[in-house]
Amino acid sequence: MPASPLNRRQFMQKSAATSAAVAAASVAGTGTAQAAEAHGGPHPSHHGPRTWSFSILGTTDLHSHVFDWDYYTDAAYKDAQGDSVGVARVATLVERQRAAKGEDRVLLVDAGDIIQGTSLAYYFARVDPITGKGGHKGPAHPMAVAMNHMRYDAAALGNHEFNYGIDVLREFEKQCDFPLLGANALDARTLRPAFQPYAVKRIRVPGAPDIKVGVLGLTNPGIALWDKDNVSGKMAFTGLVEQARKYVPRLRALGCDVVFLTDHSGLDGSSSYGDELPYVENASNLVAEQVPGIDAILVGHTHVEVSSYTVRNEQTGKDVVLSEPYCYGMRLTVFDFDLELRHGRWQVTEVKAQTLDPKDAEEDPEITRLLKADHELVVTYVNTPVGTCTQDLSGAEACWRDVPIMDFIHEVQSKSVAAGLSAADAALPLVSVAAPFSRTADIPAGDVTIRDIAGLYIYDNTLYAKKLTGAQLKDYLEYAAKYYHRVPAGTKVDTATLTNANSFWDYMYDTAAGVDYEIDIAEPEGSRIKNLSYRGAPVAADQVFVVAVNNYRANGGSGYPHIASAEIAYSSTDEIRQLMIDYVTGKGSLDPADFAAVNWKLTQAGTPVF
């Protein structure tokens, strides 16, 4: 999942001024790292420069944002901070950096999550897939077109790269003029890297040895859980620290003067999946701390802005500079490296990092020329009506009230699972769990379009059903209830500060339909679920339920108890969002009278909050 749409942009920020002009000329942007290593540089001159500098520019979590556009609202992107999105604006900043520092003095790298996240991404993965259909060759992926135009040198694999399956990812890889790196993305059979682990780039220095820059890519081990259906038996994912320990010394042995990591992994040492995996989800700080020989790390995955953050390596005492440029093309990181030639080898003397904001930059006209038609095709697609709705359905209060727009998701999940159960499992009580992904979701009265539904269900999850006992279901709901801050009885509840306790973000918080229950926010965590009942009777600890759930949660996403190891009652490759579209199309009209019911509520010491 995209990690947290949180307000942590000030987290550990240390703005750093840009150092002197810096540089980068790349070799082996495609092909094997070994080919890049074999490419020779000019012979050193006794009269060449003794110092040099270059820059590495970084993006991350672009999530197929090409233009400054929101396909869910059918308008230019807008948020409270006034940010812009899209690589089209970032491309202009990149060209400014190259113009200021020299074309041969800038590298451009991404930290992953490229091909999923917008209706544009979905269209070219499912509607008109880049893999082709009916025996016909598929189109070019807009992100490959844009990033090739921008002349990226390398990109790490993100966890969302696997959402549409390995075939789509491999086709995207073929279309890129730069390598997709993943030293810890392994072939399940051989346990060797399934993707290129690293690339070696050369910075040309007239009259002096080339500066060799090793770029190591590491992805997120959580893929093994989150995309289990797509990767199980095909790929394995090990820890970032473990693979960095293997490959950083290798890059140094190859003569790399600079070792730069691009990690699709945050920098606070946390994991959303608990102990489901032996590897840390957000491990970039641990890599910097525990693996010697690293100069800087481009960080991704957690959707925060960290301009510059320094970690001291515990073995060498050397500082490692990390930076995370937010997401969606909202920022561009600039790493500036200063080096000195000592005894015939380049030594890094200083690394600085800062983030730049592209919102005042014009969109690159060539990207507009190349991709305007694709963009307009997707705009037409998402504005296709699929039915009507009898009243406005809003998600604005879905995080603290049982509202009809969430019951729509539960209705579709429950109906779809019920139609696919065995006779024995169909006799069991059925529960649906789902999260309020977007507080801005709104299905208007009147015509309902694809974008209205996509704005409610923003992820490409598929549908599962697992079996839980009554005791396990209560544990599951208690885990969800930690989403709320404790508010003692008699204290006024402020919805602005009520949610997202424990860094538990909206996409992690599941509500349930099919059972009735109360969440007492005056109680401590673990003791909040009250009056859990099914059809008026208290839920028994040994009672067995079929629980409709998305694949991300079913495979352990967000660390919910019991669900990952529970018996499977149903599974489908159908995306829940498409099932919702099909539901509206089939009925012709979306009427909350068919499914809306208030079955859960917040209380304080037993008194309803709302």
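Helix α2 is followed by G102, whose phi is positive, near 105°. The model is predicted. This briefing starts from α2, moves to the sheet beneath that helix, then to strand β11, and ends with the empty spaces.

**Helix α2**

- Helix α2 covers residues 87-101 and lies across four strands: β1 (51-59), β4 (106-110), β15 and β16.
- Relative to β15, α2 runs at about 25°.
- The length of α2 checks out: at 1.5 Å a residue, its 15 residues should span 21 Å, and the end C-alpha atoms are 20 Å apart, which agrees.
- How many of the 15 residues of α2 are buried? Eleven are, and the helix is mostly covered.
- The buried set opens with an unbroken run: V87, A88, R89, V90, A91, T92, L93 and V94.
- Q97, R98 and K101 are also buried in α2.
- These buried residues pack against the strands β1, β4, β15 and β16.
- They also pack against two helices, α4 (142-150) and α10 (365-382).
- An α-helix has 3.6 residues a turn, so residues three or four places apart point the same way.

**The six-stranded sheet**

- Six strands make an open sheet with mixed pairing.
- Their order is β6-β5-β4-β1-β15-β16.
- Why does one side of β6 and one side of β16 lack a neighbour in the sheet? β6 (180-181) and β16 (345-356) stand at the edges with a single partner strand each, so one side of each is left free of a neighbour there.
- The partner of β16 is β15 (residues 332-342), and the two run antiparallel, joined by eleven bridges.
- Within this pair, L332 stands opposite L356 of β16.

**Strand β11 and its partners**

- Strand β11 spans residues 258-263, and six of its six residues are buried.
- In a regular strand the side chains alternate between the two faces of the sheet.
- Which residues of β11 sit on each side? V258, F260 and T262 are on one, while V259, L261 and D263 are on the other; both faces are covered.
- β11 pairs with β9 (residues 211-218) in the parallel sense, over six bridges.
- V213 has V258 of β11 as its bridge partner.
- β11 also pairs with β12 (residues 296-299), again in the parallel sense, over four bridges.
- T262 has L298 of β12 as its bridge partner.

**Second largest pocket**

- The second largest pocket holds about 380 Å³ of space.
- Its lining has 23 residues; N163, D227, N230, T462 and N551 lie nearest the centre.
- Elements giving two or more residues to this lining are α7 (228-231), β22 (462-469), α16 (551-554) and β28 (568-575).
- β28 gives the largest share of the lining of this pocket, four residues.

**Cavities**

- Rolling a probe the size of a water molecule over the atoms shows where empty space is left.
- Two cavities of 30 Å³ or more are present in the structure.
- The largest cavity has a volume of about 120 Å³.
- Of the 17 residues lining the largest cavity, S119, Y122, I450, A454 and R577 are the closest to its centre.
- Four helices each supply at least two residues of that lining: α3 (119-127), α10, α13 (450-456) and α17 (576-587).
- Which helix gives the largest share of the lining of the largest cavity? α17 does, with three residues.
- α10 recurs here: it helps line the largest cavity, and buried residues of α2 pack against α10.

Definitions and conventions: Residues are numbered from 1 along each chain as its sequence is written. This is a predicted model: local features need pLDDT of at least 70, side-chain atom pairs count only at pLDDT 80 or more; totals for chains, interfaces and linings use all residues. Side-chain values use heavy atoms; hydrogens and water are left out. Two strands pair if DSSP finds at least two bridges between them. Contact means heavy atoms within 4.5 Å. Axes are lines fitted to C-alpha atoms, for helices over the stretch in contact, and angles run from 0 to 180 degrees between N-to-C directions. The expected span of a helix is 1.5 Å times one less than its number of residues. Buried means under 20% relative accessible area, exposed over 50%, partly exposed in between (1.4 Å probe, protein chains only). On a 1 Å grid over the protein atoms alone, a cavity is a set of points where a 1.4 Å probe fits but cannot get out, and a pocket is an open set with protein on both sides within 12 Å along at least five of seven lines; lining residues have an atom within 4 Å of a point. Grid points are joined across faces, edges and corners, and a volume is the space filled by probe spheres set on the points.
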